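Here's a quick briefing to read alongside the model. Have the structure open and follow along, topic by topic.

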Amino acid sequence: MGHRFFDHTGDFGAELFAEDEPGIYAAAGAALSALLLDDASRIEPKERRALEVTGIDEADLLVALGNELLVLFETEGFLGAGLEEVTPGGDHLQAVAVGEPFDPERHVIARPMKAVTHHGAEVRESPDGWTARLIFDL
């Protein structure tokens, strides 16, 4: 599981890769935290938040999940260190976000983020695993 960032006309994009479908969603969560903070490794797994999103396909679920994690940060100050129990199921996805409340003494915002966009969002399965692409509106 992992990600690689690329520049995208005033925004940032991420190419995601994982062995399986649940892993691609976990990679999206990790990419969002890595882009938002200067050092996402400083997020400690102190709290758990149940998440459920809906979408019309895997790409829509990926965007919805990213935006749900962003809403958790914006409304509750919750930073995700990772996702567990990721269960995709057709038009919905359930997961548990593990992380902690934002602490300005330990967490430095590197790039304020507005949204995860549908522009160019895609998820693909191949014989070598799963890949995806997301654009983050900064």
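One open sheet here has 3 strands in the order 3-5-4, with antiparallel pairing; strands and helices are DSSP runs numbered from the N terminus (strands are E, at least two residues; helices are H or I, at least four). Two strands count as paired if DSSP finds at least two bridges between them. Keep in mind that this is a predicted model, where local features need pLDDT of at least 70 and side-chain atom pairs count only at pLDDT 80 or more, while totals for chains, interfaces and linings use all residues. Residues are numbered from 1 along each chain as its sequence is written, and side-chain values use heavy atoms, with hydrogens and water left out.

**The 3-strand sheet**

- Strand 3 (47–54) and strand 4 sit at the edges, each pairing on one side only.
- From one strand to the next, the twist averages 25 degrees.
- Strand 4 and strand 5 (residues 92–101) run antiparallel and are joined by 9 bridges.
- Along that pairing, L79 stands opposite E100, and E84 has V96 as its bridge partner.
- The hairpin of strand 4 and strand 5 has 2 residues between the strands, and G90 takes a positive phi near 70 degrees there.
- On the other pairing, 8 bridges join strand 3 to strand 5, again antiparallel, and L51 stands opposite A95.
- Strand 5 is largely enclosed by the rest of the structure, because 7 of its 10 residues are buried (buried means under 20% relative accessible area, exposed over 50%, partly exposed in between, with a 1.4 Å probe and protein chains only).

**Helices on the 3-strand sheet**

- Helix 1 packs on this sheet and touches strand 4 and strand 5, its direction making about 165 degrees with that of strand 4. Axes are lines fitted to C-alpha atoms, for helices over the stretch in contact, and angles run from 0 to 180 degrees between N-to-C directions.
- Helix 2 packs on the sheet too, touching strand 3, strand 4 and strand 5, at about 140 degrees to the direction of strand 3. Contact means heavy atoms within 4.5 Å.

**The 4-strand sheet**

- There's also an open sheet of 4 strands, in the order 1-2-7-6 with antiparallel pairing.
- Strand 1 (2–8) and strand 6 (115–126) are at its edges with a single partner strand each, so one side of each is left without a neighbour in the sheet.
- The twist in this sheet averages 15 degrees from one strand to the next.
- Strand 2 (residues 11–18) and strand 7 (residues 129–137) pair over 7 bridges in the antiparallel sense, with W130 as the bridge partner of A18.
- Helix 2 packs on this sheet as well, touching strand 2, strand 6 and strand 7, and its direction makes about 135 degrees with that of strand 6.
- Helix 1 lies across strand 1, strand 2, strand 6 and strand 7, running at about 145 degrees to strand 2.
- Strand 6 and strand 7 pair over 8 bridges, also antiparallel, and a hairpin joins the two through 2 residues.
- Within that pair, T117 stands opposite I135.

**A look at D11**

- D11 is found in strand 2 and counts as buried, with a relative accessible area of 18%.
- D11 and I135 are 124 residues apart in sequence, yet their C-alpha atoms are 7.0 Å apart in space.
- Leaving aside neighbours within four places in sequence, D11 is in contact with I135, F136, D137 and L138.

**The cavity**

- A search of the whole structure turns up 1 cavity of 30 Å³ or more. On a 1 Å grid over the protein atoms alone, a cavity is a set of points where a 1.4 Å probe fits but cannot get out, and lining residues have an atom within 4 Å of a point.
- The largest cavity has a volume of about 120 Å³, a volume being the space filled by probe spheres set on the grid points, which are joined across faces, edges and corners.
- Of the 16 residues lining the largest cavity, L32, S33, L69, L79 and G80 are the closest to its centre.
- Helix 1 (21–36), helix 2 (58–76) and strand 4 (78–89) each supply at least two residues of the lining.
- By class, that lining has 12 nonpolar, 4 polar and no charged residues. Ala, Val, Leu, Ile, Met, Phe, Trp, Tyr, Cys and Pro count as nonpolar, Asp, Glu, Lys and Arg as charged, and the others, Gly among them, as polar.

Key. On a 1 Å grid over the protein atoms alone, a cavity is a set of points where a 1.4 Å probe fits but cannot get out, and a pocket is an open set with protein on both sides within 12 Å along at least five of seven lines; lining residues have an atom within 4 Å of a point.
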